[in-house]
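Here is a short tour for anyone meeting this structure for the first time. Have a look at the model, then read on.

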Amino acid sequence: MAGSNYPVPLKKIELNGNIVLSVCSFRMVQHYVNIEKIPLETVFLFPKSKNISINKITCQFTMPDGSSKIIETKVDEREEAEQKYEDSLSKGQTAVLGTL
């Protein structure tokens, strides 16, 4: 809900990993359901050590009409990324912002 800190219902988590020598890669899929009548702004906090990197975040949304929308991240400088995010929100668009 706008202006609140209520959790969004998590329905399922899928986690797959691959380890080769000292390198690990993994894919995590989280399934949430927005039970509200309005779009939500959500914040994901990823615990991160200085020894790991995140190279991509992909979000897939099922829209109210049943269609699907996929947003894949692009790496930008922090200020530019934040501005693009705010611009998208002000236009009523679905947006994703990941920062470290």
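## A buried serine in the helix

S88 counts as buried, because its relative accessibility is 17% and the cut-off for buried is under 20%. This is a predicted model, by the way, so keep that in mind as you read. You'll find S88 in helix α1. Which residues does S88 touch, once its neighbours within four places in sequence are left aside? They are Q93 and A95.

Buried residues make up 6% of the 100 residues in the protein chain, and S88 is one that meets the buried cut-off.

## The overall layout

Time to step back and take in the whole chain. How many helices and strands does the protein chain have? The count comes to 1 helix and 4 strands. If you walk along the sequence, they turn up in the order β-β-β-β-α, and the helix, α1, covers residues 78–90.

As for dimensions, the C-alpha trace spans about 45 × 35 × 25 Å along its principal axes. The protein chain exposes about 9,000 Å², and 53% of that area comes from carbon and sulfur atoms. There's also a number for how the chain meets itself: take the contacts between residues at least 6 apart in sequence, and 24% of them join residues at least 24 apart.

## Salt bridges around the helix

Next up are the charged side chains. The structure holds 3 salt bridges. A network of them links D76, E80 and K84. K84 pairs with D76, with the closest N and O atoms 3.0 Å apart, and K84 also meets E80 in a salt bridge, at 3.3 Å from N to O.

How are K84 and E80 placed along helix α1? They are 4 residues apart there, which means that about one helical turn separates them. What about cover? D76 counts as partly exposed because its relative accessibility is 23%. E80 is partly exposed too, at 39%, and K84 is partly exposed with a relative accessible area of 36%.

## A pair in the first strand

Away from that network, K12 forms a salt bridge with E14. The closest N and O atoms of this pair are 3.4 Å apart. Both residue numbers fall inside strand β1, which runs over 10–20. K12 is partly exposed, at 44% relative accessibility, and E14 is partly exposed as well, with a relative accessible area of 30%.

## Charge on the surface

Now for the charges more broadly. The protein chain carries 12 positive and 12 negative side chains. The centres of those two sets lie 7 Å apart.

On the surface, a patch of negative charge gathers E41, E77, E79, E82, E86 and D87. One of these, E86, sits in helix α1. Is E86 buried, partly exposed or exposed? E86 has a relative accessible area of 46%, so it is partly exposed.

## A nonpolar patch

The surface has a nonpolar patch too, of about 700 Å². Its makers are L10, I13, L15, F26, M28, Y32 and F44. Strands β1 (10–20) and β2 (23–32) each supply at least two of the patch residues.

F26 is a good one to pick out here. F26 belongs to strand β2 and counts as exposed because its relative accessibility is 58%, with the exposed cut-off set at over 50%.

## An odd loop residue

One last stop is the loop between β1 and β2, where L21 lies. What is unusual for a residue that is not a glycine? L21 has a positive phi, of about 55°. L21 is also exposed, since its relative accessible area is 85%.

## The picture so far

Putting the pieces together, the chain follows the pattern β-β-β-β-α. Helix α1 holds the buried S88, and the pair K84 and E80 sits in that helix as well. Strands β1 and β2 both contribute to the nonpolar patch, and L21 lies in the loop between them.

Definitions and conventions. Residues numbered from 1 in each chain as written. Predicted model: local features only at pLDDT ≥ 70, side-chain atom pairs only at ≥ 80, totals over all residues. Heavy atoms only, no water. Buried < 20%, exposed > 50% of the residue type's maximum accessible area, 1.4 Å probe, protein only. Contact = heavy atoms within 4.5 Å. Areas by Shrake-Rupley, 256 points an atom, 1.4 Å probe, with all protein chains shown as cover. Lys, Arg positive; Asp, Glu negative; His and termini not counted. Charge placed at Lys NZ, Arg CZ, Asp CG, Glu CD. Patch = residues over 30% accessible without salt bridge, like charges linked within 9 Å, V, L, I, M, F, W, Y side chains within 5 Å. Salt bridge = Lys/Arg side-chain N within 4 Å of Asp/Glu carboxyl O.
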